[in-house]
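Biologist: Could you pick one part of this model and take me through it slowly? I'd like to know how that part fits in with everything around it.

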Amino acid sequence: MKSTAIIVTAVTAMEIATPIEAKEAVSHFTIRELTYSTTALRLGIDNTPPPDAVVYMQRFIDEVLQPARLKLGAPIKVNSGYRCTALNKAVGGVARSYHLAGRAADITTGSVAGNRELFSILEKLPHTELIWESGGAWIHVAW
């Protein structure tokens with residue numbers, strides 16, 4: 001048990017130490033994309049994620065978003081990803097939202113038909129929450 005904790009700590013430290021640009025070079029998704037928010041910009045909220053949220057976002061990209069993008073074979077837009085507490089409150093997010101940990105995103109293909117196909121793909125990938133939002137305007141997925 002103790003050696004497992006040491007390995008997890010070492011892997012986490014390596015992931016944090018890896019430059020974001022290096023991680024982003026191998027994916028269709030970026031940490032910047034998952035933290036970008038027009039609401040945060042408009043309200044002057046600093047939505048910079050802590051290191052543990054960056055680790056979660058990278059794993060979320062690797063295990064859910066990137067595989068979904070590859071299976072879909074088409075772009076997926078992130079409407080909302082990581083949210084700091086102030087941003088989550090500003091957008092009316094729930095207090096225990098997975099967005100706060102960098103473990104959720106609201107995504108879309110840009111069409112209801114595309115989102116139906118994406119939803120079907122996401123059902124087969126690791127997730128904790130999968131919600132068809134606003135009549136299919138977007139999908140909320142949490143890992």
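Modeller: First a term: buried means under 20% relative accessible area and exposed over 50%, with partly exposed in between (1.4 Å probe, protein chains only). Bear in mind that this is a predicted model, so local features need pLDDT of at least 70 and side-chain atom pairs pLDDT 80 or more, while totals for chains, interfaces and linings use all residues. Residues are numbered from 1 along each chain as its sequence is written, and side-chain values use heavy atoms, leaving out hydrogens and water.

Let's look at helix α7. Six of its residues are worth picking out: Gly114, Asn115, Leu118, Phe119, Ile121 and Leu122 are buried. Down the axis of α7, the buried residues fall within an arc of 160 degrees (taken from the directions from the helix axis to the C-beta atoms), so they line one face of the helix. Turn to the face pointing away from that buried side and you find the exposed residues Ala113 and Arg116. As for its length, α7 has 12 residues and reaches 16 Å from first C-alpha to last, close to the 16 Å expected at 1.5 Å a residue; the expected span is 1.5 Å times one less than the number of residues.

What does that buried side pack against? The partners are α5, β2, β3 and β4, going by contacts (heavy atoms within 4.5 Å). Helices (H or I, at least four residues) and strands (E, at least two) are DSSP runs numbered from the N terminus. By that count the chain has seven helices and four strands, in the order α-α-α-α-α-β-α-β-α-β-β.

The helix also feeds the largest nonpolar core, which has 30 residues; such a core is a set of buried Ala, Val, Leu, Ile, Met, Phe, Trp, Tyr and Cys residues joined through side-chain atoms within 4.5 Å. Leu118 and Leu122 are among the residues with the most contacts inside this core, along with Leu65, Ile107 and Val141. Two or more core residues come from each of α3 (31-35), α5 (51-72), β2 (104-108), α7 (112-123) and β4 (138-142). The largest share, nine residues, belongs to α5. Ile107 is a good place to see the meeting: leaving out residues up to four places away in sequence, Ile107 touches Leu118 and Leu122, plus others including Leu65, Ile76, Val78, Trp138, Ile139 and Val141.

Strand β2 has another story. The structure holds one salt bridge, meaning a side-chain nitrogen of Lys or Arg within 4 Å of a carboxyl oxygen of Asp or Glu. Here the side chains of Arg83 and Asp106 meet at 3.3 Å, N to O. Arg83 sits in the loop between β1 (77-80) and α6 (85-90) and Asp106 in β2, so the pair ties together parts 23 residues apart in sequence. Arg83 counts as buried at 9% relative accessibility, and Asp106 is also buried at 9%.

On the β3 and β4 side, have a look at the loop between β3 (129-133) and β4, where Ser134 is found. The phi of Ser134 is near 45 degrees, a positive value in a residue other than glycine.

Stepping back to the whole chain, buried residues make up 40% of its 143 residues. Of the contacts with a separation of 6 or more, 62% are between residues 24 or more positions apart.
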